Structures are given as C-alpha cells and as structure tokens.
Amino acid sequence: KAKLWLRKVRCFARASVVASAKQLVLRTPFLRSMSSVVRAAFDVGSGACKLSVAEVERRNGQILDEIFWVHQPCLFGHDLKCSADGSLSEEIMERGFKILAVFAAKSKEMGAEEFAGVATAVFRKATNGQAFIDRVRAELGIPLSVVSQEEEGLLGFRTAVAASGLDHFGSTMDAGDVVMWDSGGASFQIVAVVETQPEDIYTTGYRQVANSVSDLDVYLGPIGASNATAIMVEEIQGKSFRECQTANPATIAQARELVTLLQAKMPPPEQWLVDAIHRAQVVCIGGDTSVFNIAKIALGRPSFGAETIWFALETLVGQSDEQLDERFPEAEMVIPKLVLVYSVMKHLGITEVRYYPTNGSCHGLLSTPKYWPAEEEEEGGAHGGEQLPNDDEAHLGGPESP
C-alpha cells in the first residue's frame, strides 16, 4: 500500500510539473513556437460577457490550447427592454464595464498578446450602445466592434465547427453536414454553408471552413431570451416588465400563447434552410445560461426534439423562481427559454438538435482571420489583433471579480 501511495504521489508530482511547465511556455513568448500566438477573444452579448484566452496557430487559426475562459452574466437585453427611451441604463453599463475591466486584466495575466472583441444585438439596438463600446475601447483598450447579425452567424458557425470537431481531418462530418443554431438574449441565427461553395480548403492538419458571410446562408431570428421573457410577462401575464422580470409561475396555456406570439415574429424558412435541415445535423452552441443548456438540464441529455421540450415544459410550469433555481441558472427565464426553443423548432421543421457547450462565439472569433493581423503583418494591424495598453494607461479598475 505504501509503494502504491508513493507511485501515486510521484505521478501527481510529474503531472503538476508538466502542467506548470506548459503554462510557463504558453505565457513566455520566446519559449513558444513562432508559428503560434496567444490571443484573447471578448464576446459581449445581450445576456453575458465572455472571454477566452487561447494559443492559436497563426497560419490557419487552429486553437492549439485553451488557456483560460470565463462567462459572466450581464443582462443588457433585460435592461434595454425596461428602458423608456431605447437606451441602456448607467447601472448596467457600469456593471458591464467593470466586468470587462477584470477580463482585460486577466487576459494580460494569462499571457495574451493579441486582442479582439465583438458586441452583438443589444448594442445595435440601444441608442447609446456605440457610446458604451467607444468607452471600452478608449479606457480599457479592448478593440470591441459592433457586428451585424449576419457576422454573428459566421462567428457562431465557426464556433460550432470547432466545438463539434469538424475542423480536424479525423471528423466524419463535412461542412455541409452541419447547420448551426446560436440563440442569445435579443436574437438568434441559424446558419449553413452555401451549397454552391467549393469543397473545404485544406491546410496541414486543419480544415478551413467559412471565412466570410458570403460563404454562408443565414436565417435571422429577431427574438432572444430577454425578448421572449418580456413578451410573456407583459403581453400574456399583463405585468410591467420594469417591475416584474420573472415569468414564474407560468401556466401551460400561457406557454401555448407565447408559442403563437413568438412564431408570428419569425420569418418563414427559405428553401435553402428547409433543404439544409433535412440533410444535416442541427448543432446548437452556447454557455451555461443559453436556451440550449436550459433544455439539456431539463431533459438530462444534449440531444432533444421539440416534443421532448414540450414534455419538459409541462413538468416545469407552475413552479416558482425558488423551485426552479434549485436546478437552473436564471430561473426567471426558464419557461420562456424552453418555449423559444420549441417555437423555433416547430416553426422551421427541426426534428432534433445536438447541443455543444461553448463560451459564446469566442472560438469562432479566435480563428476568424479578419479579426487578427496576417502572419507577415506587425501586431496591432488595422483589422484587429490589437495590443492592450499598460495598466496605468488602460485604467483597469473595478472589483477583484465581476
């Protein structure tokens, strides 16, 4: 027993040394191969802020090692729905700024050399959304930009490619075998590769798929989790969303009514989407608070169909925030989130989906060439890959943790 214990201690010690050495190499530029770089990707969405720091192959964008990631809820979408003038409140902007200040400091601590970030739906809609982005750029040095919903689709697709393992030669799937579905706080996107595109471009050990929006067909959904919750609270339950931001307890009749209202806001599927759904696997992506993770928790598995979603709804309606909080994050939105998933699946004829956990669209951002300098360019090129200023220049204030 003593010998066995000693062997275990030695194995643990060796593993610890190897892990420490690996982190040292990743965080020390001259020790790493010149062909790779440590990048920090920031995804500021309508419901959360995300950061991923990873070592990435310069030549083809392959993620070699994810060094650090963090996901922090920040309900910008909720805040905007409560606004009387279409602007984000000072409170939510300050919370978001402090979160991003912590993220910026952490990314530098983890050895990031290049930085890029995107902001999504709520910042396109809010009257002061761009002003918030400008402040983050000026004071924190994070090169954030507000992207279109189509661009969200591209980043989501590339994230799904990485999450599903499609980007490596060993994959049994092709790009045409995947339809990506990404759903956030204020919108959702469903994306497939344009069928007329040539076969994937291959590079050594890695598959490049969809470098621009022109490579993809994109279905744009105008509804997200915050919108769905606000519709249920205000239009169905007759309450003020400013005063009450929970849909609980809900009834199954209210869930049915929400299905009708949500589907009325969705455009009909075009033929490319009907064909893509018929031939390909629908891959869903998102983090802990995503509508798809809520479905996974409710059903206990990552693959599910519309009817199983409705079965879960029937078991969860009538429960309070406190009851749902025992199993789910953001309990106040559980019912609207499940109804949203069900509504989209029935509206578009999706029979089954597979959920892959991701940190927003950070993986897609890390590997999309236009956000980073070309291999022969100097760091900090015009298209991204900027360097953060020093701490005294960046004003990295805020609390120790978000």
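1. A residue counts as buried when its relative accessible area is under 20%. By that cut-off Y342 is buried, because its relative accessible area is 13%, and W310 is buried as well, with a value of 11%. Please keep in mind while reading that this is a predicted model, and that every value in this note was computed from it.

2. These two residues also form a ring pair. A pair of aromatic rings is described by the distance of the centres and the angle of the planes. For W310 and Y342 the centres are 4.8 Å apart and the planes stand at 45°, so the pair is tilted. W310 belongs to helix α11 (residues 306-316), whereas Y342 belongs to helix α13 (residues 334-348), and the pair therefore ties together parts that are 32 residues apart in sequence.

3. The count of aromatic pairs in the model comes to seven. Elsewhere, F76, F123 and F132 are linked into a cluster by ring pairs.

4. Turning to the strands, it helps to recall that strands of a sheet pair through backbone hydrogen bonds, either parallel or antiparallel. Here six strands form an open sheet with mixed pairing, and their order is β10-β7-β6-β11-β13-β12. The edges are taken by β10 (216-221) and β12 (303-305), each of which has a single partner strand, so that one side of each is left without a neighbour in the sheet. On average, and with direction ignored, neighbouring strands of this sheet are turned by 25° against each other.

5. What joins β12 to its neighbour β13? Three bridges connect β12 to β13 (residues 352-357), and the two strands run antiparallel. Within this pairing, G305 has E352 in β13 as its bridge partner.

6. Helix α6 (residues 149-164) lies across several strands, namely β6 (178-183), β7 (188-193), β10, β11 (281-286) and β13, and the helix runs at about 65° to β7.

7. Is T368 buried or exposed? T368 counts as buried, because its relative accessibility is 0%, and its place in the chain is the loop between α14 (362-367) and α15 (391-394). The side chain of T368 makes a polar contact, at 3.1 Å, with the side chain of R158.

8. Finally, two charged side chains should be viewed together with the rings beneath them. The charged end of R354 sits over the ring of Y356, 5.3 Å from the centre of that ring, and the charged end of K106 sits over the ring of F68, with a distance of 5.3 Å to the ring centre.

Terms used:
Residues are numbered from 1 along each chain as its sequence is written. This is a predicted model: local features need pLDDT of at least 70, side-chain atom pairs count only at pLDDT 80 or more; totals for chains, interfaces and linings use all residues. Side-chain values use heavy atoms; hydrogens and water are left out. Two strands pair if DSSP finds at least two bridges between them. Helices (H or I, at least four residues) and strands (E, at least two) are DSSP runs, numbered from the N terminus. Axes are lines fitted to C-alpha atoms, for helices over the stretch in contact, and angles run from 0 to 180 degrees between N-to-C directions. Contact means heavy atoms within 4.5 Å. Buried means under 20% relative accessible area, exposed over 50%, partly exposed in between (1.4 Å probe, protein chains only). A polar contact is a pair of N or O atoms within 3.5 Å; within protein, one must be able to donate a hydrogen and the other to accept it, and residues adjacent in sequence count only if both atoms are side-chain atoms. Rings of Phe, Tyr and Trp (its six-membered ring) pair if their centres lie within 6.5 Å; planes under 30 degrees apart count as stacked, over 60 as edge-to-face and the rest as tilted. A charge sits over a ring if NZ of Lys or CZ of Arg is within 6 Å of the ring centre and within 35 degrees of the ring normal.
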